[in-house]
Amino acid sequence: MFEGLVVGLLNQYLGEFIENVSSEDLRAKVWSGEVILKKLKVKTKALDFLQLPINVVSGYIGKILLKADWAHLGSKPVVVNVEDVY
């Protein structure tokens, strides 16, 4: 149930950049505040908002690690690590 909620939120916030996130891409450790996403496909229009003279033909992100203190979301930072961007 929690994973479904997280997947919905991630698709809402990352949907402009990443193809649909599914629960297969997600590993969540609820009590530790850790969410791991693996093998994500970047949308070809992900960087269009930057208005740069480049085109994304294909893109992948190997892993995104989110660490959050759920009890203090408004007062403590959320740490995001992105690895293996191709």
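Where in the chain does Leu 73 lie? Leu 73 sits in the loop between strand 3 and strand 4 (79-85), and we will come back to that loop after a walk through the rest of the fold. Keep in mind along the way that this is a predicted model.

Let's start with the overall layout. The protein chain contains one helix and four strands, and from the N terminus on their order is α-β-β-β-β. Of its 86 residues, 27% are buried. Among contacts with a separation of 6 or more, 42% join residues 24 or more positions apart. On the outside, the chain exposes about 6400 Å², with carbon and sulfur atoms supplying 58% of that area.

Now step inside. The largest nonpolar core has 12 residues in all: Val 6, Leu 10, Ile 18, Val 21, Val 35, Leu 37, Leu 40, Val 42, Ala 46, Ile 61, Ile 64 and Leu 66. Three elements each give two or more residues to this core, namely helix 1 (2-14), strand 2 (34-41) and strand 3 (60-67). Ile 18 makes a good place to pause. Leaving aside residues up to four places away in sequence, Ile 18 touches Leu 40, Lys 41, Val 42, Lys 43 and Ile 61. Leu 40, Val 42 and Ile 61 are also members of the core.

Right beside Ile 18 in the numbering comes Phe 17, which brings us to the aromatic residues. The structure holds one aromatic pair. The ring centres of Phe 17 and Phe 49 are 5.8 Å apart and the ring planes stand at 70°, so the pair counts as edge-to-face. Phe 17 belongs to the loop between helix 1 and strand 1, while Phe 49 belongs to the loop between strand 2 and strand 3, so the pair ties together parts that are 32 residues apart in sequence. Phe 17 is partly exposed, with a relative accessible area of 29%, whereas Phe 49 counts as exposed at 55%.

The loop that holds Phe 49 also has a backbone feature to look at. Gln 51, in the loop between strand 2 and strand 3, has a phi near 50°, a positive value in a residue other than glycine. Most residues other than glycine have a negative phi. Lys 39 in strand 2 also has a positive phi, near 55°. Gln 51 is exposed, with a relative accessible area of 73%, and Lys 39 is exposed with a value of 73% as well. Across from Lys 39 you can look for Glu 24, in the loop between helix 1 and strand 1 (26-29). The C-alpha atoms of Glu 24 and Lys 39 are separated by 9.8 Å, and the two residues are 15 apart along the chain. Glu 24 is exposed too, at 78% relative accessible area.

Finally, back to the C-terminal part of the tour. Side chains of opposite charge can pair when their charged atoms come close. The structure holds one salt bridge, formed by Lys 76 and Asp 69, whose closest N and O atoms are 3.6 Å apart. Both partners are partly exposed: Lys 76 has a relative accessible area of 43% and Asp 69 has 28%. Leu 73, our opening residue, is partly exposed at 44%. Together with Trp 70, Val 78, Val 80, Val 82 and Val 85, Leu 73 makes a nonpolar surface patch of about 530 Å².

Definitions and conventions. Residues numbered from 1 in each chain as written. Predicted model: local features only at pLDDT ≥ 70, side-chain atom pairs only at ≥ 80, totals over all residues. Heavy atoms only, no water. Core = buried A, V, L, I, M, F, W, Y, C linked by side-chain atoms within 4.5 Å. Buried < 20%, exposed > 50% of the residue type's maximum accessible area, 1.4 Å probe, protein only. Contact = heavy atoms within 4.5 Å. Areas by Shrake-Rupley, 256 points an atom, 1.4 Å probe, with all protein chains shown as cover. Salt bridge = Lys/Arg side-chain N within 4 Å of Asp/Glu carboxyl O. Patch = residues over 30% accessible without salt bridge, like charges linked within 9 Å, V, L, I, M, F, W, Y side chains within 5 Å. Phe/Tyr/Trp six-rings, centres within 6.5 Å; stacked < 30°, edge-to-face > 60°.
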